[in-house]
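Colleague: Before I plan around the charged side chains and the strands, could you take me through what the coordinates show?

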Amino acid sequence: MSLSQLPFELLKDIFSYLDDQEHRLYADHGYPALCAVALTCRRVSGVAVNILYADIELVFNATGAKDIERLVLLNRSCRENPSVVNRILRAHLYSSFGDAVDLYNEFLSHLAGSTSLTTLKTEIHGKWTALQTLYNYHEGSFAQVRHLEIGLHRVMGREWYLPAEQVTRLCELPSLEILTTHAPLGGFRTEESRPTATLANLKHLHLFASRPVSAAVLESILPRAPNMECVQLSVPGAATEVDRKMADNASMLGYDLSEPLRPAFYGELLAPAAASLKNLVIDTVNVKYPSHDGSWIDLSPFANLSRLEFSASLFFGTGKTASCAWSRGIGRYLPPRIESLHVLFDGDQGIFWSLGDMRRHARSRTFPELWQQRLNVVHVEWLIDLLAGKRKDATSLKSITVAEDPVVDRDQNWKVVHWHMTDYLNAVAHEAGVKLTMKLRVPRLFESPEIELCENSWSWGEQGTVGYGEYDEEGEAQELEGEMEE
C-alpha cells in the first residue's frame, strides 16, 4: 500500500513525529520536513498542512529572530488566503522585541477571525497597550477561544499593570472557559467602566502566583461567573511588584502589599463562587505585608470545594500555631467536602521553628537541639484534631500536605526535605485513613534518617549555595538585614 492510500488518521499520526519540537535548540520553530511533505501530492499535502498550522509557536527575541521572518510570511499568507487561520487550533506568541509589535498585532488581527482557534497564549515585554488587537478586541473576535493565557513581563510601575477593564472584558470572550494571567492586575480606572454581563462559560481563573491582583478584579468577575470551578491566586490587594533576589543574584517576582493581610475579607471576596468552586489556591508566597488584621478565612460555606491550598497565615496568623486561639478548631472553617488539603508555611513562619530560628541555630551549629521540637505535639495539635475529626465524622478528607515553602532571599543555606514523621503522627493519620505528607526546611548540611531531599527543593541540590564557616560575616550581615526587613 502506498503512502497516499493510508487513512487520514494514520497519516496524521505518522507526520506528527516529524520535526519534533522538544529536541530543538535556539528556539528554532521551523518544520522543514513537514514543509517538504506538504509539497508532494495533494492528498498527503492536506494532512501535512493541517499539522503545520494546527500549533503555531513564535518567539521573537535574540535567539528566535528567525521567527520574525516566519511571522512576516505567515501574515502574508493570511492576507492572500484568509481561510488559513481556520486551520490554526493553538497559538503561542512571545515577544521581547519592540519592533515586532506591529507584526504581532497584525497576526492577532488575523487570529481574531479564526473559527478554529481554541487556545491563545500571548507574552510580551512591555506595556499591555502594545497589544491593542487583543486587549481592545472587536465584538465577535476570538469567538472560539476557550483558553486564553496572557503574560506581561518587565513591568515598570503600576501604570503598566493590566487594568481591570481589560481583564474583565477578556473574560467576556464568548467561548472562554479558562483565563490564565502572568501579569500584575490593577483596578478599574473609572467606576463607570464596571461590566455586568454574565460569564456563563468561564470556569477557571488562574492568576499567576506572586503577582499583584486588585480585589476589584475578583469583585467584578466572580459574581458574574456562576460556573466557576477553579481559582488560583496570591492574596489580592493594592500592591507594588518587586524583584526578590536569590543567593545567585537571580530574580523572582513578588510584591509588597500596601495594606494589612485580611483573611476574612478574602473569604468574603471569594464567596460569590462558594456554590460552584471545586479547586482553590490562595497563598502569600513571596508576598510581604505590613501587618495582619487578626482575622481568619472561613471557607465552610464552600460546599463543593474538594481541593484547597492555602498559606497558614490565612488561618493561624503569623505566629506559632500553638499560640492561635482557634487553631484546634480549624475543621469548622474548612469546606465540608474537602478531599485534598495543602497547607503552606511560607515566609519566616514554620511548623516547628521559624526560618530565623533555624538560621541562628545553624550558624551556631546547634540545630540538633532545635530539631527536638519536632517531637513536641503542641505544634501540630491543630493537625491531630483535624485528623481525629475526620475519623469521627467520616468526612471526605483523603490527603493532607503540610509544607514549609521555599523562601526567595539572599541566604538560601537550607533545603526542603520530606520528613517521615513520628510514629504517633503516622498512626493518627493511618487511623483516619488520610495520606499525610510533611515537608520541612532544615539547614543545608543537616542530615537525619528521618528526612530525604525533596526533588523540587530550592536548596540548589544537596550542596546549596551559601556555606556557613566558623564565622560567616557575609551570612551574618544577610541574616541581620533579613530580620530588620521582617
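**Salt bridges and a sheet**

Modeller: Arg328, Glu381 and Asp385 are joined through a network of salt bridges. Please keep in mind throughout that this is a predicted model.

Colleague: How many salt bridges does the count come to by this rule?

Modeller: A pair is counted when a side-chain nitrogen of Lys or Arg lies within 4 Å of a carboxyl oxygen of Asp or Glu. Counted in that way, the salt bridges come to 14.

Colleague: Which residue forms a salt bridge with Asp55, and in which strand is that partner?

Modeller: The closest N and O atoms of the pair are 2.5 Å apart, and the salt bridge links distant parts of the chain, since Asp55 sits in strand S1 (residues 55-60) and its partner lies 35 residues away. Asp55 is partly exposed, with a relative accessible area of 34%, and the partner also counts as partly exposed, at 34% relative accessibility. The residue asked for is Arg90, and its strand is S2 (residues 90-95).

Colleague: Is Arg224, which forms a salt bridge with Glu172, buried or exposed?

Modeller: The closest N and O atoms of Glu172 and Arg224 are 3.4 Å apart, and the pair links distant parts of the chain, with Glu172 in the loop between helix H7 (164-170) and strand S5 (178-182), and Arg224 in the loop between helix H8 (215-221) and strand S7 (230-234), 52 residues apart. Glu172 is partly exposed, with a relative accessible area of 29%. For Arg224 the relative accessible area is 8%, and because buried means under 20%, Arg224 is buried.

Colleague: What is the relative accessible area of Glu309, whose side chain meets that of Arg307 in a salt bridge?

Modeller: The two side chains meet at 3.2 Å, N to O. Arg307 is partly exposed, with a relative accessible area of 30%, whereas Glu309 is buried, and its relative accessible area is 14%.

Colleague: Turning to the open sheet of three strands, which are its edge strands?

Modeller: The order of the sheet is S8-S9-S11, with mixed pairing. An edge strand here pairs on one side only, and this holds for strand S8 (239-245) and strand S11 (287-288).

Colleague: Which residue in S11 is the bridge partner of Tyr255?

Modeller: Strand S9 (residues 251-257) and S11 run parallel and are joined by two bridges. In S11, the bridge partner of Tyr255 is Val287.

Conventions:
Residues are numbered from 1 along each chain as its sequence is written. This is a predicted model: local features need pLDDT of at least 70, side-chain atom pairs count only at pLDDT 80 or more; totals for chains, interfaces and linings use all residues. Side-chain values use heavy atoms; hydrogens and water are left out. Helices (H or I, at least four residues) and strands (E, at least two) are DSSP runs, numbered from the N terminus. Buried means under 20% relative accessible area, exposed over 50%, partly exposed in between (1.4 Å probe, protein chains only). Two strands pair if DSSP finds at least two bridges between them.
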